[in-house]
Amino acid sequence: MLVFSDSHGRTLAMYGAIERELPDAVIHLGDCVEDARDLMRSYPELTIWHVRGNNDYEPDTPFSAVIAPGGVPMYLTHGHKERVSWSSLGVLPRRAREAGCRVALYGHTHRVLQEEADGVLVLNPGSISLPRGGPASYARLVVAEGRLFDVAMLDEEGRPYRADKRMTGWI
């Protein structure tokens, strides 16, 4: 599956990644829920989960969600409600654990992050359109049979973003 965040109305790179990667599912972590809805219209057969960001004002879209693709429970949020910042994960790891998740996905900072915090694998795919501190980016996750087999952070062309931070077989 592919994970995008902070597209802010610029969908071309998301479309390119979907066409190149042919994922089974997509996650959009907010800041332009309408972009996620656009993907849903363009790819009606594709499973697409999305949450609302701090620049989204659609009350029918939740601020957070728990999903379990391939049997792996994941906490999805934009991050602003969990008070994430460039230097802090705020309450995100705790909220993910309380929701029964060992994986937490968030956006908001427009910066790629991949780390373990309090027993939770925390991932931020960065921004697919307005990155800070690096190229436009997204994440690719491989899940099956209750395990997260691979996590790759990729630039908008699908090249590894940070090979030194690649994690495999984490859960």
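**Close-ups of a predicted model**

**View 1. Tyr15 and Tyr43, two buried rings that pair up.** Tyr15 is buried, and so is Tyr43. This is a predicted model, so keep that in mind for every view here. Including this one, the structure holds 2 aromatic pairs. How is such a pair described? We give the distance of the ring centres and the angle of the planes. For Tyr15 and Tyr43, that's 5.7 Å centre to centre and 35° between the planes, and the pair is tilted. Tyr15 sits in helix H1, while Tyr43 is in the loop between H2 and S3, so the pair ties together parts that are 28 residues apart in sequence.

**View 2. Phe4 and Tyr138, partners from distant stretches of sequence.** Now for the other of the 2 aromatic pairs. The ring centres of Phe4 and Tyr138 are 5.5 Å apart and their planes meet at 40°, so this pair is tilted. Phe4 belongs to strand S1 (residues 2-4) and Tyr138 to strand S9 (residues 137-144), so the pair links parts that are 134 residues apart in sequence. Are these two buried or exposed? Both Phe4 and Tyr138 are buried.

**View 3. Helix H2 and what its buried residues pack against.** Helix H2 covers residues 33-42, and its buried residues are Val33, Asp35, Ala36, Arg37 and Leu39. Which elements do they pack against? Look for helix H1 (12-21), strand S2 (25-28) and strand S3 (47-50).

**View 4. An open sheet of 5 strands.** Read across the sheet and you get the order S4-S5-S6-S8-S7, with mixed pairing. Why is one side of S4 and of S7 left without a neighbour in the sheet? Strand S4 (64-67) and strand S7 (112-117) stand at the edges, and each has a single partner strand, so one side of each has no neighbour there. From one strand to the next, the twist averages 15°.

**View 5. Zooming in on S4 and S5.** These two strands run antiparallel, and 4 bridges join S4 to strand S5 (residues 74-77). Want one to find on the model? Take Val66: its bridge partner in S5 is Tyr75.

**View 6. Phe63, a ring with charged company.** Arg52 lies over the face of Phe63, at 3.9 Å from the ring centre. Which other residue has its charged end over this ring? That's Lys81, whose charged end sits 4.6 Å from the centre of the Phe63 ring.

Conventions: Residues are numbered from 1 along each chain as its sequence is written. This is a predicted model: local features need pLDDT of at least 70, side-chain atom pairs count only at pLDDT 80 or more; totals for chains, interfaces and linings use all residues. Side-chain values use heavy atoms; hydrogens and water are left out. Buried means under 20% relative accessible area, exposed over 50%, partly exposed in between (1.4 Å probe, protein chains only). Contact means heavy atoms within 4.5 Å. Two strands pair if DSSP finds at least two bridges between them. Axes are lines fitted to C-alpha atoms, for helices over the stretch in contact, and angles run from 0 to 180 degrees between N-to-C directions. Rings of Phe, Tyr and Trp (its six-membered ring) pair if their centres lie within 6.5 Å; planes under 30 degrees apart count as stacked, over 60 as edge-to-face and the rest as tilted. A charge sits over a ring if NZ of Lys or CZ of Arg is within 6 Å of the ring centre and within 35 degrees of the ring normal.
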